[in-house]
Amino acid sequence: MTSAGSDLVRLSHEMPISSHVVDVDGVPMSALLAEAADPRAVIVAIHGGVTTSAYFDCPGHPRLSLLRTAPALGFTVLAIDRPGYGSSAPYAADIAPAARRVDLAYALVERVLGARPRGAGTFVLAHSAGCELAVRMAADERGAQLLGIELAGTGREHHPEAIRSLTAGGPGRGDRLRELLWQPSRLYPAEVFGGAAIASPGPAYEATMMPRWVAHDFARAAANVRVPVQFTVGAHEKVWRTDPRALGEITALFTAAPRVVVNEQADAGHNLSMGHSAAAYHLRVMSFIEECVIARR
């Protein structure tokens, strides 16, 4: 390991992470915060389905943790629990409307960050089902102030293997879905493979929200995003189609974005922030953020 690599491992072990719960119009919203002393920017990280903000702090592997490596490299990270997860889980039925969830997310960010330094501004990174909230936030009028967004582990059409697996009859649908999300197993540390260490029940609204998002709302919202976009796919993604045609159709949705970049992450599956290649993925995201900072200034 190089000296720089050793320093990153040491610093990632030392990064403190604080838990926060704030009241937003009677709804308790939760998040994890890891601060850089003099941040270049703030990364707002949004997890996917059936997990929480814990997704961005890979258990037992600080070098793979976005919450630990990003502050060591000058970026504050605020990993939020999406509306209906974490402390807001009991309120899921009341906060299901998309506009309500966007307002809650923005308010959570403001309440936690407060007067803390934000550097050049705020950048939103999202994974899987969390990309729905991220794109809606960027499409909102407040989204014009973002530095940019990173979307990973999502798409508009399911991978042929996902279609075959999820439409097959008989028991075991949950096991088949888990295989799609966590294969090949060699890409993940044994301690986190399968996701049990970070699992959380998902809100009921997601069952209807996601199909509608993929079929209709994604395209409508993407057309209103006016900040740079990076779209990352794992080289071994098996949930969503990632062939050139599928990626071209997705990038074409962002008609108002000044820049759209497609990034294929080598040696990565669906859960990019939990695999052995997570550090490489996070470094690519931070490189893109740095480009967004320069462009903004």
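Start your tour at the largest pocket, which has a volume of about 1000 Å³. Keep in mind as you go that you are looking at a predicted model.

**Stop 1: the largest pocket**

To centre your view, select Gly49, Val50, Ser128, Leu177 and Leu181, which lie nearest the centre of this pocket among its 35 lining residues. Next, colour three helices: H5 (160–167), H6 (173–182) and H7 (206–222), each of which supplies at least two residues of the lining. Which of the elements gives the largest share of the lining? That is H6, with 6 residues. If you colour the lining of the largest pocket by residue class, you will find 19 nonpolar, 13 polar and 3 charged residues.

**Stop 2: the second largest pocket**

Now move to the second largest pocket, with a volume of about 190 Å³. To show its lining, select Val44, Tyr106, Val109, Glu110, Arg118, Gly121, Thr122, Val124, Met137, Arg142, Gln145 and Leu146. Helix H3 (98–113) and strand E5 (122–127) each bring at least two residues to this lining, and H3 gives the most, with 3 residues. By class, the lining of the second largest pocket splits into 6 nonpolar, 3 polar and 3 charged residues.

**Stop 3: helix H4**

Stay with Met137 for a moment: this member of the second pocket's lining is also one of the buried residues of H4. Select residues 130–139 to see the whole helix; 9 of its 10 residues are buried, so H4 is largely enclosed by the rest of the structure. The buried residues are Gly130, Cys131, Glu132, Leu133, Ala134, Val135, Arg136, Met137 and Ala138. Notice that Glu132 and Arg136 are on that list.

What do the buried residues of H4 pack against? Show strand E3 (41–46), strand E4 (75–80), H3, E5, strand E6 (148–152) and H7 around the helix, and you have their packing partners. Two of these partners will be familiar: H3 and E5 each supply at least two residues of the second largest pocket's lining. H7 is familiar as well, as a contributor to the lining of the largest pocket.

**Stop 4: Leu67 in helix H2**

Jump to Leu67, in helix H2 (residues 66–72). Is this residue buried or exposed? With a relative accessible area of 0%, Leu67 is buried. Leaving aside neighbours within four places in sequence, display its contacts: Met15, Ile17, Leu32, Ala34, Ser53, Phe56, Asp57, Val77 and Ala79. For a distance to draw in the viewer, try Leu67 to Leu78: their C-alpha atoms are 7.9 Å apart, with the two positions 11 residues apart in sequence numbering.

**Stop 5: the loop between E8 and H9**

Select the stretch between strand E8 (260–265) and helix H9 (278–296), where you will find Gly269. Gly269 has 2% relative accessibility, and since buried means under 20%, this glycine counts as buried. Beyond its neighbours within four places in sequence, Gly269 is in contact with Gln183, Leu187, Tyr188, Gly234, His236 and Glu237. Draw a line from Gly269 to Arg296 as well: the two are 27 residues apart along the chain, and their C-alpha atoms are separated by 32 Å.

Asp267 sits in this loop too. Check its backbone, where phi is positive, about 55 degrees, although the residue is not a glycine. Asp267 is partly exposed, with a relative accessible area of 47%.

**Stop 6: two more backbone details**

Follow the contact from Gly269 to Gln183. A cis peptide bond joins Gln183 to Pro184, with omega at about -5 degrees. Pro184 belongs to the loop between H6 and H7.

Then go to Asp25, in the loop between strand E1 (18–24) and strand E2 (27–34). Here is another positive phi of about 55 degrees in a residue that is not a glycine. At 60% relative accessibility, Asp25 counts as exposed.

**Last stop: the whole chain**

Zoom out to take in 9 helices and 8 strands. The C-alpha trace spans about 55 × 45 × 40 Å along its principal axes. For 297 residues, a compact globule would have a radius of gyration near 19 Å, and the chain's 18 Å agrees with that. Colour by burial and 54% of the residues will show as buried. Among contacts between residues at least 6 apart in sequence, 81% join residues at least 24 apart. Finally, switch on the surface: the chain exposes about 12300 Å², with carbon and sulfur atoms supplying 54% of it.

Key
Residues numbered from 1 in each chain as written. Predicted model: local features only at pLDDT ≥ 70, side-chain atom pairs only at ≥ 80, totals over all residues. Heavy atoms only, no water. 1 Å grid on protein atoms, 1.4 Å probe; cavity = no way out; pocket = protein on both sides within 12 Å on 5 of 7 lines; lining within 4 Å. Points joined across faces, edges and corners; volume = space filled by probe spheres on them. Helix = DSSP H or I, 4+ residues; strand = E, 2+ residues; numbered from the N terminus. Nonpolar A, V, L, I, M, F, W, Y, C, P; charged D, E, K, R; others polar. Rg over C-alpha atoms; globule rule 2.2 N^0.38 Å. Buried < 20%, exposed > 50% of the residue type's maximum accessible area, 1.4 Å probe, protein only. Contact = heavy atoms within 4.5 Å. Areas by Shrake-Rupley, 256 points an atom, 1.4 Å probe, with all protein chains shown as cover.
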